[in-house]
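Let us walk through the charged side-chain contacts of this structure, taking the pairs one after another.

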Amino acid sequence: MRHDWEISLAGRIHKALCELELTFLESQVLHHHFWKAIPLRTLADFLDVTVTELTEARASLLHKAAGALEELRQDLARLRRRVAAGG
């Protein structure tokens with residue numbers, strides 16, 4: 001990152017995501033599936049849960065993350081409009 005706005009945005013993204021409250025399965029999906037690239041079937045076997053439960057946890061996790069980042073998206077849209085208007 002080379003610009004102040006990039007650093008500021010990264011900090012805001014980090015803060016928004018750090019404030020998420022995750023369930024046990026959501027945290028397992030985040031760590032093992034997204035971070036370590038372990039397939040849900042393998043993770044389900046390891047955790048002794050169903051793939052359906054992990055699929056639901058993944059959807060819930062993504063929904064929470066998208067919601068947390070929505071405010072940032074709106075801020076960026078306002079900034080783009082301001083810049084496009086010359087202000």
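Helices here are DSSP runs of at least four residues, numbered from the N terminus. With that in hand, the predicted model can be read through its salt bridges, of which the structure holds six. Side chains of opposite charge can pair when their charged atoms come close.

A pair within one helix makes a convenient start: Glu70 and Arg73 both belong to helix 4, where they sit three residues apart, about one turn of the helix. Their side chains form a salt bridge in which the closest N and O atoms are 2.6 Å apart. Glu70 is partly exposed at 28% relative accessibility, and Arg73 is likewise classed as partly exposed, at 47%.

Further along, Asp75 and Arg78 also lie in helix 4, again with a spacing of three residues, about one turn of the helix, and their side chains meet in a salt bridge with an N to O distance of 2.2 Å. Arg78 has a relative accessible area of 41%, and therefore counts as partly exposed. This pair does not stand alone, for Arg12, Asp75 and Arg78 are linked in a network of salt bridges.

Which side chain meets that of Lys64 in a salt bridge? The partner is Glu26, at 2.7 Å from N to O, and this pair links distant parts of the chain, with Lys64 in helix 4 (residues 51–84) and Glu26 in helix 2 (residues 24–35), 38 residues apart. Lys64 is partly exposed, at a relative accessible area of 27%, whereas Glu26 is buried, at 2%.

Definitions and conventions: Residues numbered from 1 in each chain as written. Predicted model: local features only at pLDDT ≥ 70, side-chain atom pairs only at ≥ 80, totals over all residues. Heavy atoms only, no water. Salt bridge = Lys/Arg side-chain N within 4 Å of Asp/Glu carboxyl O. Helix = DSSP H or I, 4+ residues; strand = E, 2+ residues; numbered from the N terminus. Buried < 20%, exposed > 50% of the residue type's maximum accessible area, 1.4 Å probe, protein only.
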